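Open the model in a viewer and keep the selection panel at hand. The stops below each give something to select and then say what is there.

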Amino acid sequence: MTDHLTIVTHPLVQHKLSLMRDKETSTASFRQLLREISQLLAYEITRELDMTTRRIETPMEAMDAPILEGKKLALISILRAGNGLLDGVLELIPAARVGFVGLYRDEETLEPVQYYFKVPESLEDRLVIAVDPMLATGNSSVAAIDLLKKAGAKNIRFMCLLAAPEGVARMKEAHPDVPIVTASLDRGLNEKGYIMPGLGDAGDRMFGTK
Ligand code: URA
């Protein structure tokens, strides 16, 4: 994957995203749509996984069948909204290892502070896919990727549902080696840091909180 930003324009993704953006969409539908889109984004982000072959016997004859090469990939959910993307991707890649990064914003310094960090071993040998539905300012995404690199990750991709140009620019500056895959590049951020037109607070919409 060489492009820094990939927008998945597949009609199914775009249709489901429009349903998710609609404020009348229920929590249950929002969750289900997120699960479905996450699998389509995962399909795109894993397009160039390394392959090898394994000798197998079909009922007809022996063949060298293509299989994935290397260590199981690592999915890293950036809490809490990342969990909505994680569930769907895990259905598609059930053998993946899973990690979690929890960050909150210090109200005085406005800097992200880590409160939870648990990731699979041997990150350096795995493709690492960090998931967070909303790439807004990019502050927490950049901080999460910093932590993953510190833990050894070398081959990282970032999956989100919506991206703001501000967040993409911040990620490109801090982590030019981390490709971003998203369903949409929206117009920008409002004064409160929400993506416009966006879909509101992704965590609240998927968990039914306010
Ligand atoms: N996080 C969200 O959940 N929504 C936004 O619009 C921005 C950040």
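**Stop 1: Q114 and its strand**

Select Q114, which is in contact with G102, L103 and L147 once its neighbours within four places in sequence are left aside. The model is a predicted one. Q114 lies in strand β6. Is Q114 buried, exposed or partly exposed? Q114 has 13 C-beta neighbours inside 10 Å and therefore counts as partly exposed. Now add L147 to the selection: Q114 and L147 are 33 residues apart in sequence, and their C-alpha atoms are 9.0 Å apart in space.

**Stop 2: the seven-stranded sheet**

Extend the selection from β6 to the sheet that holds this strand. The sheet is open and has seven strands, in the order β1-β11-β9-β7-β4-β5-β6, with mixed pairing. Which strands stand at the edges? They are β1 (5-7) and β6 (112-118), and each has a single partner strand, so one side of each is left without a neighbour in the sheet. From one strand to the next, the twist averages 20°.

Within this sheet, select residues 74-78 and 97-105. These are strands β4 and β5, which pair in the parallel sense over five bridges. For a single pair to display, take I78, whose bridge partner in β5 is V101.

**Stop 3: helix α3 and what covers it**

Select residues 82-92, helix α3, and colour its buried residues: G82, G84, L85, L86, G88 and V89. What covers these buried residues? The cover includes helices α2 and α6 (202-207), together with strands β4, β5, β7 (127-131) and β9 (155-159).

Keep α3 and add α2. The two helices pack at an angle of about 55°, and their axes are 7 Å apart. α2 and α3 are therefore oblique to each other. The crossing in which α2 passes α3 is right-handed. To show the contact, select R31, L34, R35, E36, S38, Q39 and A42 on α2, and G84, L85, D87, G88, V89, E91 and L92 on α3. Coloured by type, the residues of this contact comprise five nonpolar, four polar and five charged.

**Stop 4: helix α1 against α2**

Drop α3, keep α2 (residues 27-45) and add α1 (residues 11-21). Here the packing angle is about 155°, with the axes 10 Å apart. That makes α1 roughly antiparallel to α2, since an angle over 145 degrees counts as such. α1 and α2 cross in the left-handed sense. From α1 the contact takes L12, V13, K16, L17, L19 and M20, and from α2 it takes S29, F30, L33, L34, E36, I37 and L40. How do the residues of this contact divide? Ten are nonpolar, one is polar and two are charged.

**Stop 5: S184 and the three-stranded sheet**

Select S184, found in strand β12 (residues 184-185). S184 counts as buried because it has 22 C-beta neighbours inside 10 Å, where 20 or more are required. Not counting residues up to four places away in sequence, S184 touches I7, L17 and L162. Then add T9: S184 and T9 are 175 residues apart in sequence, yet 7.9 Å apart in space, C-alpha to C-alpha.

Next, show the sheet to which β12 belongs. This is an open sheet of three strands, in the order β8-β10-β12, with parallel pairing. β8 (134-135) and β12 are at its edges with a single partner strand each, so one side of each has no neighbour in the sheet. Strand β10 (residues 162-163) pairs with β12 in the parallel sense over two bridges. A163 has L185 as its bridge partner in β12.

**Stop 6: the β2-β3 hairpin**

Finally, select residues 51-57 and 62-68. These are strands β2 and β3, paired in the antiparallel sense over seven bridges. They form a hairpin with four residues between them. One bridge to pick out joins T53 to P66, its partner in β3. How many of the seven residues of β3 are buried? The count is zero, and β3 is hardly covered.

Note on methods. Residues numbered from 1 in each chain as written. Predicted model: local features only at pLDDT ≥ 70, side-chain atom pairs only at ≥ 80, totals over all residues. Pairing = 2+ DSSP bridges. Axes fitted to C-alpha atoms, helices over the stretch in contact; angles between N-to-C directions. Parallel < 35°, antiparallel > 145°, perpendicular 65-115°, else oblique. Left-handed = near helix turned anticlockwise from the far one by under 90°. Contact = placed C-beta atoms within 7 Å. Nonpolar A, V, L, I, M, F, W, Y, C, P; charged D, E, K, R; others polar. Buried ≥ 20, exposed ≤ 12 C-beta atoms within 10 Å, placed from the backbone.
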